Amino acid sequence: MSTSPSLRCTAFSGSYRIASGELRHVALKAKQAFDGHPERPVLVFDDADARPLELPLELPAADLLAWLSRPQLGEAAGQPERPRRPGRPKLGVVAREVTLLPRHWDWLAAQPGGASVALRRLVDEARKLTAGDDRRRAAQEAAYRFMQAMAGNEAGFEDAARALFAGDFGGFEEKIQHWPDDVRDHAALLAADAFIA
């Protein structure tokens with residue numbers, strides 16, 4: 001797992017939200033909850049996409065912080081340098097294979113600036129056109145991922161999930177209203193962009 005100590009996340013102990021903020025701070029609160037209430041599951045979620053983060057909460061607090069600060073895979077000192085690949089890595093450009101039909105390559109070759117410039121322009125235009133849909137889909141997926149982990153056994157879960165993906169805000173709120181407060185509030189926060197027209 002690749003994490004940064006400054007990653008924004010939220011931790012739950014059972015159905016109680018115990019911390020939100022940077023991972024280094026949330027991890028310490030999660031550690032305290034893990035030690036103080038071993039009967040309750042402690043889950044930490046990435047705020048961006050609600051993916052659960054696996055933290056070694058059984059470690060002493062100092063070791064947990066050291067674990068969070070460790071070099072990421074491949075960045076450790078003494079690791080052999082990776083072979084250079086095509087592209088311009090310092091600019092964030094990565095060469096990858098694209099499979100197109102000959103007529104597509106012919107059209108791209110005829111565009112001003114060549115195939116790369118034309119493809120970048122097409123992708124940027126498509127991103128602008130679908131930005132709202134992309135944001136809505138990301139919110140649906142994040143909210144569903146969280147709901148499944150934290151409220152999968154709650155009454156109304158399936159109906160709430162259907163309302164979430166149907167864009168039915170009223171139905172969603174109605175189905176989650178009896179869930180534990182912190183779980184309900186966090187699910188609603190994650191789902192907010194799912195209901196934007």
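These exercises work through salt bridges, strand pairing and nonpolar cores in a predicted model.

**Exercise 1. A bridge across the sequence**

Find the salt-bridge partner of Asp193, and explain what the pair ties together.

Solution.
- Step 1: Start with the total. The structure holds twelve salt bridges.
- Step 2: Identify the partner. Asp193 bridges to Arg135, and their closest N and O atoms are 3.5 Å apart. The cut-off is 4 Å, so this pair counts.
- Step 3: Place both residues. Arg135 belongs to helix H4 (residues 114-151), while Asp193 sits in the segment after helix H7 (181-191), so the pair ties together parts that are 58 residues apart in sequence.
- Step 4: Check exposure. Asp193 has a relative accessible area of 30% and is partly exposed. Arg135 is partly exposed too, at 42%.

**Exercise 2. Linking two helices**

Which elements does the salt bridge between Asp159 and Lys175 tie together?

Solution.
- Step 1: Take the distance. The closest N and O atoms of Asp159 and Lys175 are 3.9 Å apart.
- Step 2: Assign the elements. Asp159 is in helix H5 (residues 157-166) and Lys175 is in helix H6 (residues 169-176), so the bridge ties together parts 16 residues apart in sequence.
- Step 3: Classify the residues. Asp159 is partly exposed at 32% relative accessibility. Lys175 is partly exposed at 28%.

**Exercise 3. A bridge within one helix**

Describe how Arg184 and Asp181 are placed in helix H7, then name the members of the network that includes Asp159.

Solution.
- Step 1: Confirm the bridge. Arg184 and Asp181 form a salt bridge, with closest N and O atoms 3.1 Å apart.
- Step 2: Use the spacing. The two residues are three apart in H7, which puts about one helical turn between them.
- Step 3: Compare with the exposure classes. Arg184 is partly exposed at 21%, and Asp181 is partly exposed at 48%.
- Step 4: Turn to the network. Asp159, Arg162, Glu174 and Lys175 are joined into one network by salt bridges that share partners.

**Exercise 4. Strand E3 and its partners**

Is strand E3 mostly covered or mostly exposed, and which strands pair with E3?

Solution.
- Step 1: Count the buried residues. In E3 (residues 42-46), four of five are buried, so the strand is mostly covered.
- Step 2: Take one partner. Strand E1 (residues 8-13) pairs with E3 in the antiparallel sense over five bridges. Cys9 stands opposite Asp46 of E3.
- Step 3: Take another. Strand E4 (residues 52-53) runs antiparallel to E3, joined by two bridges. Leu53 in E4 is the bridge partner of Val44.
- Step 4: Look at the turn. E3 and E4 make a hairpin with five residues between them. Ala50 in that turn has a positive phi of about 60 degrees.

**Exercise 5. The nonpolar cores**

Which elements give two or more residues to the largest nonpolar core, and what does Leu164 contact?

Solution.
- Step 1: Define the core by its members. The largest core has 24 residues. Phe146, Met147, Leu164, Phe172, Trp179 and Val183 have the most contacts inside it.
- Step 2: Assign the contributors. H4, H5, H6 and H7 each give two or more residues to this core. H4 gives the most, with seven.
- Step 3: Follow Leu164. Beyond neighbours within four places in sequence, Leu164 contacts Gln140, Ala143, Tyr144, Met147, Phe172, Ala191, Ala194 and Phe195.
- Step 4: Look elsewhere. Apart from the largest core lies another, of 15 residues, among them Ala19, Ala30, Leu53 and Leu55.

Conventions: Residues are numbered from 1 along each chain as its sequence is written. This is a predicted model: local features need pLDDT of at least 70, side-chain atom pairs count only at pLDDT 80 or more; totals for chains, interfaces and linings use all residues. Side-chain values use heavy atoms; hydrogens and water are left out. A salt bridge is a side-chain nitrogen of Lys or Arg within 4 Å of a carboxyl oxygen of Asp or Glu. Buried means under 20% relative accessible area, exposed over 50%, partly exposed in between (1.4 Å probe, protein chains only). Two strands pair if DSSP finds at least two bridges between them. A nonpolar core is a set of buried Ala, Val, Leu, Ile, Met, Phe, Trp, Tyr and Cys residues joined through side-chain atoms within 4.5 Å. Contact means heavy atoms within 4.5 Å.
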